[in-house]
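Biologist: Could you take me through this structure? I should like to go through its strands, its disulfides and its aromatic rings.

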Amino acid sequence: MAAYAKTKIFYISIGFWLILGVECYDGWSNHTLTIYTGGSVTIPCYYDKKYTQQKKYWFSEIDKSNTYTNTTEQNLSVIDHPDQSFFTVTMRNLQNKHNGNYYCIVETGEQPPTKIIYEPYLKIQSAPDVFVVNSSSVSGHEGGDISVQCLYSSGYKNKSKQWCRYKDQSCYTVGRTDTSQNSSVQVSDDDGRRSFTVLMTGLRLTDSGWYFCSAGEALSPVHITVAETEPGTVSDKELVFNPFSVNGFPL
């Protein structure tokens with residue numbers, strides 16, 4: 001019944017945007033972000049560099065509200081990062097009333113006048129279907145390693161598990177080791193513990209950015225920061241968590 005309701009909402013949404021003359025999102029779709037009840041989430045919305053100077057906003061289909069970039073409210077912040085061609089949406093104290101479809105939108109200054117660049121569905125749960133252990137922000141040093149553990153619920157045991165980068169939509173799948181130049185990404189599943197682990201080795205500064213763990217259509221965003229290694233020091237190969245960016249409550 002829930003799946004039917006979500007599908008019905010999706011078709012209504014498409015019809016609504018077509019009526020308004022909106023260019024629909026042409027990248028990832030059917031993303032469900034799962035978040036702890038009472039928790040928070042930060043969502044990156046990447047856009048083409050040609051829209052750097054254009055207005056951008058976060059649209060809630062629940063109350064039909066627009067929140068433009070560089071707005072900070074009690075439980076919502078929408079901040080543009082024009083030097084990196086994305087804006088972030090941070091929602092706090094999430095409750096069941098926040099379940100629903102949302103859209104990252106840019107005003108194009110051309111025809112059609114607006115463009116949807118990302119359209120996630122938020123699902124607030126007491127036990128999220130997918131979430132990152134301990135933190136949604138991880139840091140390491142150039143040349144070092146980091147490890148990210150992603151847990152998933154029993155219903156996702158047989159779903160495809162992936163580690164993806166938002167910026168270029170590249171994904172790494174469980175059971176494969178992918179190497180790009182000097183860095184390597186390995187994703188291994190432990191279905192007995194209902195978790196999979198992402199190991200990134202030989203980190204480069206360009207590995208910094210937004211990623212997500214996913215099982216099926218459910219996902220949890222993670223921010224990776226790679227810092228320069230100071231001359232004369234050994235690369236830090238230990239996982240460091242940022243206590244200021246927590247995806248919900250501690251375990």
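Biologist: How many residues of strand β2 are buried?
Modeller: This is a predicted model. In it, strand β2 (residues 32–36) is mostly covered, with five of its five residues buried.

Biologist: Which way do the residues of β2 point?
Modeller: Thr32, Thr34 and Tyr36 point one way, while Leu33 and Ile35 point the other way, and all are buried.

Biologist: Which strand pairs with β2 over five bridges?
Modeller: That is strand β11 (residues 121–125), which pairs with β2 in the parallel sense. Within β11, Leu122 is the bridge partner of Leu33. β2 also pairs with strand β21 (residues 218–227), again in the parallel sense, over two bridges. There the bridge partner of Leu33 is Leu219.

Biologist: Let us turn to the cysteines. How many disulfides does the structure hold?
Modeller: There are three disulfides. Counting bonded cysteines along the chain, they follow the pattern 1-2, 3-6, 4-5.

Biologist: What does Cys45 bond to, and where do the two cysteines lie?
Modeller: Cys45 forms a disulfide with Cys104, the sulfur atoms being 1.9 Å apart. This pair links distant parts of the chain, with Cys45 in strand β3 (residues 41–46) and Cys104 in strand β9 (residues 100–107), 59 residues apart. Cys45 is buried, and so is Cys104.

Biologist: And which cysteine is joined to Cys150?
Modeller: Cys150 is joined to Cys213, with an S to S distance of 1.7 Å. Cys150 belongs to strand β14 (residues 146–152) and Cys213 to strand β20 (residues 209–215), so this disulfide ties together parts that are 63 residues apart in sequence. Both Cys150 and Cys213 are buried.

Biologist: Then there is the disulfide between Cys164 and Cys171. Why is it right-handed?
Modeller: The torsion about the S-S bond of Cys164 and Cys171 is about 110°, so the disulfide is right-handed. The S to S distance between Cys164 and Cys171 is 2.1 Å.

Biologist: Are Cys164 and Cys171 buried or exposed?
Modeller: Cys164 has 1% relative accessibility and therefore counts as buried. Cys171, at 29% relative accessibility, counts as partly exposed, because buried means under 20% and exposed means over 50%.

Biologist: A change of topic: how many aromatic pairs are there?
Modeller: The structure holds nine aromatic pairs. One of them is Tyr46 with Phe86, whose ring centres are 4.8 Å apart and whose planes are at 40°, so the pair is tilted. Tyr46 lies in strand β3 and Phe86 in strand β8 (residues 86–91), so the pair ties together parts that are 40 residues apart in sequence. Both Tyr46 and Phe86 are buried.

Biologist: How about Trp163 and Tyr211: why do they count as stacked?
Modeller: Their ring centres are 5.0 Å apart and their planes are at 10°, so the pair is stacked. Trp163 lies in strand β15 (residues 161–165) and Tyr211 in strand β20, so the pair ties together parts that are 48 residues apart in sequence. Trp163 counts as buried at 0% relative accessibility, and Tyr211 counts as buried at 3%.

Biologist: Which rings are linked into a cluster?
Modeller: Ring pairs link Tyr118, Tyr166 and Phe212 into a cluster.

Biologist: Lastly, which rings have a lysine over them?
Modeller: Tyr47 has Lys56 over its face, at 4.7 Å from the ring centre. The ring of Tyr152 has the charged end of Lys161 over it, 4.5 Å from its centre.

Notes:
Residues are numbered from 1 along each chain as its sequence is written. This is a predicted model: local features need pLDDT of at least 70, side-chain atom pairs count only at pLDDT 80 or more; totals for chains, interfaces and linings use all residues. Side-chain values use heavy atoms; hydrogens and water are left out. A disulfide is a pair of cysteine sulfur atoms within 2.5 Å. Helices (H or I, at least four residues) and strands (E, at least two) are DSSP runs, numbered from the N terminus. Buried means under 20% relative accessible area, exposed over 50%, partly exposed in between (1.4 Å probe, protein chains only). Rings of Phe, Tyr and Trp (its six-membered ring) pair if their centres lie within 6.5 Å; planes under 30 degrees apart count as stacked, over 60 as edge-to-face and the rest as tilted. A charge sits over a ring if NZ of Lys or CZ of Arg is within 6 Å of the ring centre and within 35 degrees of the ring normal. Two strands pair if DSSP finds at least two bridges between them.
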